[in-house]
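Me: Could you take a close look at one part of this model for me? I'd like to know how one helix sits among its neighbours, and I'm happy with plain talk.

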Amino acid sequence: EKDRERQLTKQRERVLEEMLQTEETYVADLKLIEKCRPRFVSEVLPSTLKGKEDIIFSNIQDVDDFHRLHLLPQLKERATTTDEAARVFIECADDMTGVYVPYCKNKMASEDLLTSHRTYLSRMQSCLVYRCPWHLCSSNLSRGSPSTLYF
């Protein structure tokens, strides 16, 4: 019985650690998108996507602010147990709804654009993931050559 309880406690601790790590990664990804967005929009965006940036990015700044300024700090500070983690999410539910309802309303239009420009956007994503210099990204994206995106 005590071994089972210890095992469950360790499992809960791992879940909390993974949840926090996932949230930290998500916040870092949002920060990278926000950092690269202006240059992406001004230098790299193909003409078929010009003027549609708000559809692609929707309210990403609001999503970023919510996670970076509210949810992540609360989880770091208070989520020492699964019950406390649940309380954080419950307390943030209204703010989360306010951020994600507009995001979800825009999701279909965004997905349509992303699907129709899949090749281009996957190359752009590679630039973000591998953090290659933008001058390499923009020239490779316009030429359609993914071979040097990873350097």
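Reply: Here is a walk around helix H3, from the loop before it to the helix after it.

A word on the ground rules: this is a predicted model, where local features need pLDDT of at least 70, side-chain atom pairs count only at pLDDT 80 or more, and totals for chains, interfaces and linings use all residues. Residues are numbered from 1 along each chain as its sequence is written, and side-chain values use heavy atoms, with hydrogens and water left out.

H3 covers residues 60–78; helices here are DSSP runs (H or I, at least four residues), numbered from the N terminus. In the loop between H2 and H3 you'll find serine 58, which has a positive phi of about 45° although it is not a glycine.

Within H3 itself, look at aspartate 64. Its relative accessibility is 4%, so aspartate 64 counts as buried (under 20% relative accessible area; exposed is over 50%, partly exposed in between, with a 1.4 Å probe and protein chains only). Leaving aside residues up to four places away in sequence, aspartate 64 touches Val27, Leu30, Lys31, Glu34 and Leu69, where contact means heavy atoms within 4.5 Å.

Now flip to the other partner, glutamate 34, which sits in helix H1. Glutamate 34 is buried too, because its relative accessibility is 19%. With the same sequence neighbours left out, up to four places away, glutamate 34 touches Ile60, Gln61 and Asp64.

Next, the nonpolar core, meaning a set of buried Ala, Val, Leu, Ile, Met, Phe, Trp, Tyr and Cys residues joined through side-chain atoms within 4.5 Å. The largest one has 22 residues, and Phe40, Leu49, Leu71, Tyr120 and Leu121 touch the most other members. H1, H2, H3, H4, H5 and H6 each supply at least two residues of this core, and the largest share, five residues, comes from H3.

Finally, H4. The axes of H3 and H4 come within 9 Å and cross at roughly 155° (lines fitted to C-alpha atoms over the stretch in contact, with angles from 0 to 180 degrees between N-to-C directions). The two helices are therefore roughly antiparallel, a label for angles over 145 degrees. On the H3 side the contact is made by Leu71, Gln74, Leu75 and Arg78, and on the H4 side by Glu84, Arg87, Val88, Phe89 and Glu91. These residues divide into four nonpolar, one polar and four charged.

Note on methods:
Angles under 35 degrees count as roughly parallel, over 145 as roughly antiparallel, 65 to 115 as roughly perpendicular and the rest as oblique. Ala, Val, Leu, Ile, Met, Phe, Trp, Tyr, Cys and Pro count as nonpolar, Asp, Glu, Lys and Arg as charged, and the others, Gly among them, as polar.
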